[in-house]
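Me: Could you take me through the structure shown below, one question at a time, with the reasoning set out before each result?

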Amino acid sequence: WQGILWALGLATLFGIMIVMVDSIAHFPEDLNIPFPQSIFFYPAIGYVVEAVFHLLPLTALFIIARTIFYQTDIQHIIWGCILIVTMIEPVYQTVGFIGLYPAWVVIYVAGHIFAINLAQLIVFKQYDFMAMITLRMGYYLIWHIIWGHVRLDVLF
């Protein structure tokens, strides 16, 4: 349960932070899937995202790195893999923002997503998959589902 509690606390922190940035930067009106479809879409896509952005690349990279650097301490290999895998989603998510938003927004969003991914992978390493997915689902609940619905009235 300790991992779940950490994940929920981090999800809340990250959720509040991105809501504050959206309040200033005003991301596109159609950024989120509308409610009530969002309550079905985001939990489903969360599992896909974990597999595509974390589990598959982390596993593949670890196997490759362990084969190449077989004499290196396994903790060094794990942390190297975590740092590399942490960069996949921020790059994917923010490439389309370049030129559409001020540089500070693009840099913040990339850093924000990087921090979430790093937190998730640390929680995964320290605890388990349930803690990692809880962080994403908690974040999605705040950012995509609750704020995604409220922001339409508040910002538009």
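Reply: A contact here means heavy atoms within 4.5 Å. The model is predicted, and with that cut-off in hand we can begin with the contacts of the chain.

Me: Among contacts in the chain between residues at least 6 apart in sequence, what percentage join residues at least 24 apart?

Reply: The count takes in contacts between residues at least 6 apart in sequence, and it then asks which of these join residues at least 24 apart. The share that does so is 76%.

Me: How many helices and strands does the chain have, and which pattern does it follow along the sequence?

Reply: The chain has 0 strands alongside its 6 helices. Read along the sequence, the elements therefore give the pattern α-α-α-α-α-α.

Me: Why does the chain count as being as compact as a globular protein of its length?

Reply: For 156 residues the globule rule gives 15 Å, and the value for the chain is close to this, so the chain is as compact as a globular protein of that length. Along its principal axes the C-alpha trace spans about 55 × 40 × 20 Å. The radius of gyration on which the comparison rests is 17 Å.

Me: What percentage of the residues are buried, and what share of the exposed area do carbon and sulfur atoms supply?

Reply: A residue is buried when its relative accessible area is under 20%, and such residues make up 40% of the 156 residues in the chain. The chain exposes about 8,800 Å². Of that exposed area, the share supplied by carbon and sulfur atoms is 75%.

Me: How far apart are the mean positions of the positive and negative charges?

Reply: The chain carries 4 positive and 8 negative charges, and a mean position is taken for each of the two sets. The distance between these mean positions is 13 Å.

Me: Which residue forms a salt bridge with Arg 151, and is that partner buried or exposed?

Reply: Side chains of opposite charge can pair when their charged atoms come close. The closest N and O atoms of the salt bridge between Arg 151 and Asp 22 are 2.6 Å apart, and the pair links distant parts of the chain, with Arg 151 in helix α6 (residues 129–155) and Asp 22 in helix α1 (residues 2–25), 129 residues apart. Arg 151 counts as buried at 0% relative accessibility. The partner is Asp 22, which at a relative accessible area of 0% is buried.

Me: Which parts of the chain does the salt bridge between Glu 50 and Arg 136 tie together?

Reply: The side chains of Glu 50 and Arg 136 meet in a salt bridge at 2.3 Å, N to O. Because Glu 50 lies in helix α2 (residues 38–68) and Arg 136 in helix α6, the pair ties together parts that are 86 residues apart in sequence. Glu 50 counts as buried at 0% relative accessibility, and Arg 136 counts as buried at 4%. The parts tied together are thus helix α2 and helix α6.

Me: Which residues do salt bridges that share partners join into one network?

Reply: Arg 136 also meets Glu 89 in a salt bridge, at 2.8 Å from N to O. This pair links helix α6, where Arg 136 lies, with helix α4 (residues 88–94), where Glu 89 lies, the two residues being 47 residues apart. Both Arg 136 and Glu 89 are buried. The network formed by salt bridges that share partners joins Glu 50, Glu 89 and Arg 136.

Me: Which residues does Arg 136 touch, not counting residues up to four places away in sequence?

Reply: Arg 136 is found in helix α6, and residues up to four places away in sequence are left out of its list of contacts. The residues that Arg 136 touches are Gly 46, Val 49, Glu 50, His 54, Glu 89, Asn 117 and Gln 120.

Me: Which two residues does a cis peptide bond join, and what is phi of His 26?

Reply: Most residues other than glycine have a negative phi, and most peptide bonds are trans. With omega about 5°, the cis peptide bond joins Phe 35 and Pro 36, and Pro 36 is placed in the loop between α1 and α2. His 26 is also in the loop between α1 and α2 and counts as partly exposed at 35% relative accessibility. Its phi has a positive value, near 55°.

Conventions
Residues are numbered from 1 along each chain as its sequence is written. This is a predicted model: local features need pLDDT of at least 70, side-chain atom pairs count only at pLDDT 80 or more; totals for chains, interfaces and linings use all residues. Side-chain values use heavy atoms; hydrogens and water are left out. Helices (H or I, at least four residues) and strands (E, at least two) are DSSP runs, numbered from the N terminus. The radius of gyration is taken over C-alpha atoms; the globule rule is 2.2 Å times the number of residues to the power 0.38. Buried means under 20% relative accessible area, exposed over 50%, partly exposed in between (1.4 Å probe, protein chains only). Accessible areas come from the Shrake-Rupley method with a 1.4 Å probe; for residues, only the protein chains shown count as cover. Lys and Arg count as positive and Asp and Glu as negative; His and the chain ends are not counted. The place of a charge is taken as NZ of Lys, CZ of Arg, CG of Asp or CD of Glu. A salt bridge is a side-chain nitrogen of Lys or Arg within 4 Å of a carboxyl oxygen of Asp or Glu.
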